[in-house]
Amino acid sequence: MAEEDRRVDHAHQDDIDPGASMRFDRDYPELRDAVRRICSDFTAPYWRELDERRGYPTAFVQALTAAGFLGALIPQEYGGSGLPLRAAAVILEEINAGGCVASPAHAQMYIMGTVLRHGSAAQKARYLPAIARGELRLQAFGVTEPTSGSDTTRIRTRAVRKGDHYVVNGQKLWTSRALHSDLMLLLVRTTPLEQCAKKTQGLSTLLVDLREAMGRGVEIRPVKTLLNHNTTEIFIENLEVPAENLIGEEGQGFRYILDGMNAERILVAQECIGDGRWLLDKAVAYAREREVFGRPIGQNQGIQFPLARAHAELEAAELMARKAAALFDAHQPCGAEANMAKLLASEATWKAAEAALQTHGGFGFAQEYDIERKWREARIYQTAPVSTNLILSYLGEHVLGLPRSY
Ligand SMILES: Cc1cc2nc3c(=O)[nH]c(=O)nc-3n(C[C@H](O)[C@H](O)[C@H](O)COP(=O)(O)OP(=O)(O)OC[C@H]3O[C@@H](n4cnc5c(N)ncnc54)[C@H](O)[C@@H]3O)c2cc1C
């Protein structure tokens, strides 16, 4: 670079807002502004207090619902905004980038997709307008069980058809938000595994009305975790679910769940990038301000480089998440991209979290700085909704054509 050019660069350096370089190409700017306006009413002390007592942000979720954000994907004919998946992803990203927490509300966006794609006309007419109006909450998704783990086809929760209803018995674990949802999409086995030609057959999805089921076959217990996620375990004993609550065809539930997973991964990837942006913005600001040995700590490459790396990796993850969303919105296959977006975003955000904690020194551990809380929140994406190894296995087998490992 010529000496003159270098001077120009240096002359501008002081004017640059480090966060701005990460924001210049943000899409849906009006939508982002609207989300930010809501988030500005829910500042750090609100989240800190909830984290402390593992509380649910009811007021925040109500504000998002009232503004129509949680009905973003519901078609206009059912009272929603009918926005593309990318717009929903932007809403979740912006919530987290603004220091709030999207996970108490995010599930409604992707669970609703199953009802939308595979529900009957009667189910859509019954549930979607009420969800769009905020009268019904569809925030719980019961897939994982204590014994089957990632091997979803081995779930043991069993539903047996008896006349006009199913009788369900079983147990779910890690069903998040079940105590703050009116409806739960539940994956059950309707045909025993040994009677199925393929293990992916014989699974079905039921929409359970938790308001009716509580105390009448369903018991929900909170599970305290590393982060405030309002997750639960659910015990199901002789629960009667009307047969009309079966989504789509009996036995096809695994396909429906897989269908929804691409949307879930794309949304979660972008939400995770929002956390990464928040952590990086905080760390960069602190690195510029904090002076030790007579100079800003951000002048040291040992502090700069992890932040620069996290920035580069977040930008790369964002490109993949955008590609995945573009394919999804164009109704193109996007399994590989959705998985890669979630993988890259979870790792980039974790690097941002680690760099932010290290940059803040001892202050990073003080609750009032919120770094330790966001660091805990940033860790979940490598495990849920699907763990990193399972994504790598998917890529190994379905993209690279390697032998199936499990
Ligand atoms: C806070 C939180 C919220 C959650 N919310 C929900 C929810 O709302 N609904 C829901 O249904 N689930 C939810 N989950 C469950 C989550 O999706 C699972 O924890 C996750 O899919 C991993 O399953 P597991 O915990 O049973 O781990 P396991 O399947 O037991 O796996 C343990 C480890 O072994 C690895 N592993 C397993 N098999 C293989 C293999 N063949 N090759 C390589 N590595 C392997 C995994 O990658 C993982 O690292 C939540 C979990 C948490 C922690």
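How many Å separate the centres of domain 1 and domain 3, taken over C-alpha atoms? The separation is 19 Å. Keep in mind as you look around that this is a predicted model.

**Domains and their contact**

Let's start with the overall layout. The domain assignment splits the protein chain into domain 1 (15-136), domain 2 (139-249) and domain 3 (255-399). Where domain 1 and domain 3 meet, the contact draws 28 residues from domain 1 and 26 residues from domain 3. On the domain 1 side, at least two residues each come from α3 (44-53), α5 (85-97) and α6 (103-118). Helix α5 gives the largest share of that side, with eleven residues. Sorted by class, the side of domain 1 that touches domain 3 holds 15 nonpolar, seven polar and six charged residues.

**A closer look at α5 and α10**

Two packed helices are described by the angle between their axes and the distance between the axes. For α5 and helix α10 (residues 301-329), the angle is about 145° and the axes lie 8 Å apart. From α5, the residues making this contact are L85, R86 and A89. Their counterparts in α10 are A321, A325, A326, F328 and D329. By class, the contact of α5 with α10 has six nonpolar residues, no polar ones and two charged ones.

**Strand β5 and its partners**

Now turn to strand β5 (residues 203-209), which is mostly covered, with six of its seven residues buried. Two strands pair with β5, and both pairings are antiparallel. The table sets them out.

| Pair | Partner strand | Sense | Bridges | One bridge |
|---|---|---|---|---|
| β4 with β5 | β4 (residues 183-189) | antiparallel | seven | R189 with L203 |
| β5 with β8 | β8 (residues 246-247) | antiparallel | two | T205 with I247 |

**One residue in context: E240**

To finish, pick out E240, which sits in strand β7 (residues 231-242). Is E240 buried or exposed? E240 counts as partly exposed because it has 14 C-beta neighbours inside 10 Å, and that class lies between the cut-offs of 12 or fewer for exposed and 20 or more for buried. Which residues does E240 touch, leaving aside those up to four places away in sequence? They are H165, V167 and G217. If you would like a distance to check in your viewer, try E240 and G113: they are 127 residues apart in sequence, and their C-alpha atoms are 24 Å apart in space.

Terms used
Residues numbered from 1 in each chain as written. Predicted model: local features only at pLDDT ≥ 70, side-chain atom pairs only at ≥ 80, totals over all residues. Domains from an automatic or database assignment. Contact = placed C-beta atoms within 7 Å. Helix = DSSP H or I, 4+ residues; strand = E, 2+ residues; numbered from the N terminus. Nonpolar A, V, L, I, M, F, W, Y, C, P; charged D, E, K, R; others polar. Axes fitted to C-alpha atoms, helices over the stretch in contact; angles between N-to-C directions. Pairing = 2+ DSSP bridges.
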